[in-house]
Amino acid sequence: DVFQIYGSYLSTICTPWAKKTFNYMGYGPWEISRFCDVNSPMHYLFVDLILHYLKSYTSRCRYVVVTNADNSYTPSFYREVMNRANHYDVVMTNFINHGTIFRVEPRRGYIDLGAYATSIPFLRQTGISFTGSVPARPMAHDYHDVDGIFIEKLKLHNARIATIDLFLFNHN
């Protein structure tokens, strides 16, 4: 059972010592809560299962956007992404993050999960996954930031990346 195995994993990396370390690193209570109260390890495990399915059992799906239920997109998001898709492995868009304009960059801390579309053939070719992108000895904030770590790994594999200089995504 997936939940039995991974449901309690977060508590093993969010120990009282880890929380003190985050505090020492300058993270406030709200950030520490995001790292330790949201089960990002399990979330990304499920994302990887879906990506595995798309890579293994679909031939018509060319791109995937992984998003969360509280995110929203402008009506032109799909059209703008697909206008660039044939020439790139990753297509990113700027976004609004909790009411603040955010210019996206393909690196940790400068992107959100729903702000980019990734080529399924590129993922199939490279074998890159979200959970496989996490450092060997991860801390809870690594799982929280795995959307950026993932895109950094795509860059290391020479992904062709385009940025749409529009604000087409709203992260709540």
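The radius of gyration of the protein is 16 Å, which agrees with the value near 16 Å expected for a compact globule of 172 residues. Here the radius is taken over C-alpha atoms, and the globule rule is 2.2 Å times the number of residues to the power 0.38. The structure is a predicted model, in which local features need pLDDT of at least 70 and side-chain atom pairs count only at pLDDT 80 or more, while totals for chains, interfaces and linings use all residues. Residues are numbered from 1 along each chain as its sequence is written, and side-chain values use heavy atoms, with hydrogens and water left out.

Along its principal axes, the C-alpha trace spans about 50 × 35 × 30 Å. The chain holds nine helices and six strands; these are DSSP runs numbered from the N terminus, with helices being H or I of at least four residues and strands E of at least two. Buried residues account for 42% of the 172 residues, where buried means under 20% relative accessible area, exposed over 50%, and partly exposed in between (1.4 Å probe, protein chains only). About 9,700 Å² of the protein is exposed, and carbon and sulfur atoms supply 55% of that area, as given by the Shrake-Rupley method with a 1.4 Å probe. Among contacts (heavy atoms within 4.5 Å) between residues at least 6 apart in sequence, 76% join residues at least 24 apart.

Helix α4 offers a friendly place to look more closely. Its buried residues are Ile-32, Phe-35 and Cys-36. Viewed down the axis of α4, these residues fall within an arc of 85°, so they line one face of the helix; the arc is that of the directions from the helix axis to the C-beta atoms. They pack against α2, α3 and α8 (140-144). On the face turned away from the buried side, α4 carries the exposed residues Trp-30 and Asp-37.

Cys-36 also leads to the next feature, a disulfide with Cys-14 in which the sulfur atoms are 1.8 Å apart. A disulfide is a covalent bond between the sulfur atoms of two cysteines. It is assigned here to a pair of cysteine sulfur atoms within 2.5 Å, and by this rule the count comes to one. Cys-14 lies in the loop between α2 (9-13) and α3 (16-24), and Cys-36 in α4 (residues 29-37), so the pair ties together parts that are 22 residues apart in sequence. The torsion about the S-S bond is about -75°, so the disulfide is left-handed. Cys-14 is buried at 10% relative accessibility, and Cys-36 is buried at 11%. Cys-61, at 25%, counts as partly exposed.
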